[in-house]
Structures are given as structure tokens and as C-alpha cells.
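Work through the exercises below with the model open beside you. Try each task before reading its solution.

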Amino acid sequence: MIQAIIDWFGSPVGLSVLFSAVKILGVFSVLMFIVAYSVWVERKVSAAIQDRCGPNRVGIFGLLQPAADAIKSFLKEDFTPAHVRKTYYWLAPAIVMIPSLLTVAIIPFGSLIGNEKMIIADLNVGVLYTFGIVSLGVYGIVLAGYAARSKYPFIGGIRSSAQLISYEIAMGMSVIPLFLIAGGLDVQQLSAGWQSLLAGTSGLNLNRLVTWQAGNGWLICYAPISFVIFLAAMFAETNRMPFDMPECEQELAGGYNVEYSSMKFALFFMGEYASMTAAAALMTTLFLGGWSLPVAGLNQPATTIWIGLIHIGIFLAKVCFILFMVIWVRWMWPRFRYDQLMDLGWRRFIPLALANIVITAVVLWAKS
Amino acid sequence: MEEAQLMQYLPVLMLGALAVVFSFGMLVMSVVLGQKGKRPPVKDIPYECGMIPVGEGSTRLSLKFYLVAMLFILFDIEVVFLYPWAVIYREMLKESGGAILGAMLSFLGILLVGYLYAVKKRAFDWKS
């Protein structure tokens, strides 16, 4: 029996399952670490900006604060009010959390270590998978609002669902010029390292974008309008300031999560930070060259394990930079009013994104 | 080939299983570990900043939200159609010249007419 299991892990399928499991666990732990400590960074940064101290009691510089928060969430009373719709009430926090964990599956977080690609799933639907999964996050928020059977959460849930779906269109459209530009990639002319990195991928694969950016410069320089739209849509999709309509404390007492307590409340919070991290990772890959860096030959797929690890480090550094920027913006920008938010999404960004697509296509046509 | 395509999704399934176990594990853990408090009747009232709630919990909504949902479905499907076009665009330019551009411009043109109609009908006007 045990021998059979060992044999199975030696087979090609077993090996790929084993490698996938290692990568999944690695990505999951790093993601959870970033989620925990971006909350800490957020509190420290906000404290610094508002001239306060921030968390400084648990551990040095309050570094153990995330752990203390987690323990506190677990030990709080898990209260289910009598007026809620029980099933949905229980499902909603999980439905917010699951999609934000799933989105990271197709993001290349490094080049190669050995022959293993540093990406969880090399899907040939590529970026479409991400947009599909991101859409699912809306369900959790709508369900949370609906399940509470209470006015503030209901209004909050409906508002944020309208916000999320509105900005999803702009987000999806803003990415298309990138694929137009990077579509000219000729895999046959690339070196062997790239060939093994791109083996069996389709044009929608994110590693192709990274490859193109390594050869031609980051896409933020080629498609700045796309970058601006994507950035704004990212803030809206992850419910961050200045678009944090779902959680406008002053009007809705907190929005869709009012009736939640204990770990259920914390799951909404973690889901938000996890999707923020995933969006930052996506943005790094789409616009900022992913794991590549145009110095010291780091623009090539790794040939040694060390360079592979450095690539992962570069990727994480870029993600952390974007996260820091997102946190910073929160304390610098006032919140939009709801009609301004919808106006910006539907009447500014969608036409702008459409025009961006057409102009990019026409310029490429004129050049060819 | 088909099997290879399905095999791509195996890691996604594994990640999904981890995500499900993690999320529900957290929920169950907090029930097991959490304190058990008293249950006075006031705790079961919906939270409205201390006011006693009046009327139904699920209030009536502006029709605008339904409109947004419908428009979202229309436009989001268009976006999905644009991706395959974007991916093969430069290759097709070499082969067929401007035909691929014209094809998509006509598609986007029809989309634009629909969009302008929605704007004219004040579908995006949230002030009124």
C-alpha cells in the first residue's frame, strides 16, 4: 500500500501533483503572510500619516499584532442573530474568501526553478480565468447583504455589487490593449529558456506578457491609459479608498458586514486584503514586467535555482510596492459619492477604455 | 490533447480544495473556540446604530440597480469577445491586412451605438 503510493508519486502525474502541492502551499502561506502584515503596515502607515503611534504593544513595533488579532477573532463570541437567513449568512464569508484565494492560480510569480514553472496552473484561458473568478467575489458580498435581513447591510451589499460589476467592465477592457501589443511575440525566435517557459501556452497566458515585457520594456510605458484605468478599477474592485462604498462607515454603519461578528467578520477582512494582494500581483504581471528586471541579466528565465529565487523576490518586491501605494492612497484621498462613482465608471472609464482599444489597434495597423 | 487540457485544471482544483477547507475551517474553528455569551432579546435586533428598526429588513431599491446589472451582462460579454481578437490581432494583420481591424471596428461600432443609446436614455444618470 505505502509502496504503491510512493510509486504513484514517482510517476509523471504524481510528480506534477506533488510539485503543484508544494507551489500551492508556498503561495498560500506567502499570501496569508502578506495579508496579515499588510494590515499591520496599514495601521502603522495610517498612524504615521495621522501623527499617532499605531500598534506598539504586542511584540517589538507591534509586530505580533496580526497574531493577536487572529486569536482575538477566534475567541470572540460567534453570534448568529435570530433575524438573519442562516444558510446564506454562513456561506457569505467563505464565498468572499474563496475567490480571492483562487485568483492567484494563473499569476507567474517567478520564472523557472529547475524545469518547474513558477506558476500554479498554466491554464490556456490565462487571464480570462482571473476575470471569471474575480466576478464570483460579488456573490459573497451580495449574499452577506441579503442574508442579514437588515437595512444597512442590504443597501451596502446592493451598492457594492453594482460598483463591483461596473468597474469589472472597465477593468476587462483596459487589459485588451496589452494583448494587442504583446500579441506580436514570436516564440520561435526566442532562446531555449523562454521556449521551455512558454511551452504549450496560448496567447492569453500571462507569462507571454512577461516575456514580451522583458524583451521590449514594461507595458506601463506602452499603455499608460490602460494602466490608469486598471489602477482605478483595481481600487474599486477591492473596495479600497477612494471607492470603499461598501464600507462607508458614516452612512451605512459599515455596510454589508454589519451583522457579522468574530471570525466571520475577520474573513471578510482577510478576503479583502487577499484580493488586494492578488490584484497587486496581477498588476505587477500586466504592467510592471512581472518577475523580470532589466538589470544584470535578470530579464532571462532562470538557469540556476538562485536566480529563480531572486526572480520570486523581485516579484514580491513589486507586489509590496503596489500594496504600499494602495495603503498610502487610502489616507490621502476622500471618498467618492455614489453617483460620482457610477458616473466615473460608466461614463468616463468605459468610453475611455473603448477609445484606448481602438486607438491601439489603429496604431498597430498603421505600423504594420 | 483534451486530457492535457483538463490536467491543467488539477492544480486549480487543489487550490480550490485548500481555499474551501481553509475558509470553512476558520468558520467552524471560531464556533468551537468562541465564547458563549448570553442572549438577551435586544441582541437579536438588527443593528441600526441603536435605533429600533422600523419595517422590513429588505427595503425596496432603486430600479437603477437592475439596469446596471443588465447592462453589465451585455457589456461584459462584449469584453470576453474582444480577448481572442486581441490575441491574434497582430498575426492576422500580417496575413489579411486591415480586414481584422475592420471586423472589430464594425463590432465595436454597434456596441458604441448601444452604449450611446443607454447614455441618451439616462441609464447612467444617478442624480435623478
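The exercises cover confidence, helices, the cavity and the pockets.

This is a predicted model, in which local features need pLDDT of at least 70, side-chain atom pairs count only at pLDDT 80 or more, and totals for chains, interfaces and linings use all residues. Residues are numbered from 1 along each chain as its sequence is written, chains are lettered from A and ligands numbered from 1 in the order in which they are written, and side-chain values use heavy atoms, with hydrogens and water left out.

**Exercise 1. Judge the confidence in chain B and in the complex.**

Step 1. Start with pLDDT, the predictor's confidence in each residue, from 0 to 100. Chain B averages 84, and 96% of the residues score at least 70.

Step 2. Go element by element; helices (H or I, at least four residues) and strands (E, at least two) are DSSP runs, numbered from the N terminus. In chain B, α1(B) has the lowest mean pLDDT, 71, and α2(B) the highest, 90.

Step 3. Turn to the complex. The predictor gives an ipTM of 0.88 and a pTM of 0.90.

**Exercise 2. Check the lengths of two helices in chain A.**

Step 1. Take the expected span as 1.5 Å times one less than the number of residues.

Step 2. Apply this to α5(A). Its 22 residues should span 32 Å, and the end C-alpha atoms are 34 Å apart, which agrees. Just after α5(A), A:Arg149 takes a positive phi of about 50°.

Step 3. Repeat for α6 (residues 151-182) of chain A. This helix has 32 residues and reaches 47 Å from first C-alpha to last, close to the expected 46 Å.

Step 4. Ask why α6(A) counts as largely enclosed by the rest of the structure. The reason is that 30 of its 32 residues are buried (under 20% relative accessible area with a 1.4 Å probe, protein chains only).

**Exercise 3. Describe the enclosed space.**

Step 1. Set the rule. On a 1 Å grid over the protein atoms alone, a cavity is a set of points where a 1.4 Å probe fits but cannot get out; lining residues have an atom within 4 Å of a point. Grid points are joined across faces, edges and corners, and a volume is the space filled by probe spheres set on the points.

Step 2. Count. There is one cavity of 30 Å³ or more. The largest cavity has a volume of about 360 Å³.

Step 3. Find the lining. It has 25 residues, with A:Ser100, A:Val134, A:Glu237, A:Thr238 and A:Ser275 closest to the centre. The largest share of this cavity lining, seven residues, comes from α12(A).

**Exercise 4. Compare the linings of two pockets.**

Step 1. Define a pocket: an open set with protein on both sides within 12 Å along at least five of seven lines.

Step 2. Take the largest pocket, with about 1000 Å³ of space. Its lining has 38 residues; A:Val39, A:Asp69, A:Phe265, A:Ala266 and A:Phe269 lie nearest its centre. Elements giving two or more residues to this lining include α12 (262-287) of chain A and α2 (10-33) of chain B.

Step 3. Take the second largest pocket, with about 570 Å³. Of its 23 lining residues, A:Ser16, A:Glu116, A:Asp122, B:Met7 and B:Gln8 lie nearest its centre. Five lining residues, the largest share, come from α2(A).

Definitions and conventions: Buried means under 20% relative accessible area, exposed over 50%, partly exposed in between (1.4 Å probe, protein chains only).
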